[in-house]
Amino acid sequence: MHCRTSTDILVGIGSNRDSVINIGTSAQVVTRAPKGFAPPTSKAASPVEYFPFFEGRYLKVAAALNGGNAIAAFIDMLHEWMSALGCHVTKDSMYDKAISAAMQVGKTDLVINPTLLGERHQPDLRASVSNIMTNNVSLGHVMRAMCCGVITNLHNMLPRESLVEDGVTRIVGCGSALVRNKILQEELESIFGLSVVYKEGGNAAVGAALAVILYHENNEST
């Protein structure tokens, strides 16, 4: 995968056809609402927030507290167990081996809800594991279920159907956890069911500067 700069992200949210999914420490789904969209006035807790964008438009943002940090917590747990058993393996090596093991497991019926930190709209939400059987507790099954759970949590917050209603046909995937993890990519493509392109790198400060430039260009052209 080739890094092309933060411009890709700005282009993504500037297009009705693209939605950006970023998974780093946490995770976000971002899409631009159609023209004429007005945010709901209800004060009820919602997984989606609305932010003003250019030309009187709004961004829809589902910001999950649980993303790459949930997978990191799993690797930390493995590392602690291995150390307690007298086995010394680096966390990076464990992460790579867990991904390799999950690659051998196409699907799993183990279910992990990795919401260790709750979510903003459900602060009391906790993580859980269900449908445990003797044949689905291998490292590969658990890693696959963990990655599936991260993507499923995002999808529950802003599902594919909502994106399609807004005209989205493609997802731009970014963030260190996502571009490094082939299993997260497979689950993203399977659960959201849309075309996905992956962009390495990206920097919030560069993105903000590009947004200011775009804002001024739009004002000068009107």
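The exercises below work through the aromatic rings of this structure.

The structure is a predicted model, in which local features need pLDDT of at least 70, side-chain atom pairs count only at pLDDT 80 or more, and totals for chains, interfaces and linings use all residues. Residues are numbered from 1 along each chain as its sequence is written, and side-chain values use heavy atoms, with hydrogens and water left out.

**Exercise 1.** Classify the ring pair of F37 and Y58, and state whether each residue is buried or exposed.

*Solution.* Rings of Phe, Tyr and Trp (its six-membered ring) pair if their centres lie within 6.5 Å, with planes under 30 degrees apart counted as stacked, over 60 as edge-to-face and the rest as tilted. By this rule there are three aromatic pairs. In the pair of F37 and Y58 the centres are 6.4 Å apart and the planes stand at 70 degrees, so the pair is edge-to-face. For accessibility, buried means under 20% relative accessible area, exposed over 50%, and partly exposed in between (1.4 Å probe, protein chains only). F37, at 23%, is partly exposed, and Y58, at 25%, is likewise partly exposed.

**Exercise 2.** Classify the ring pair of F53 and F54, and state whether each residue is buried or exposed.

*Solution.* The ring centres of F53 and F54 lie 4.8 Å apart with the planes at 55 degrees, so this pair is tilted. F53 has a relative accessible area of 18% and is buried, and F54, at 13%, is also buried.

**Exercise 3.** Which residues do ring pairs link into a cluster?

*Solution.* The cluster consists of F37, Y50 and Y58, linked by ring pairs.
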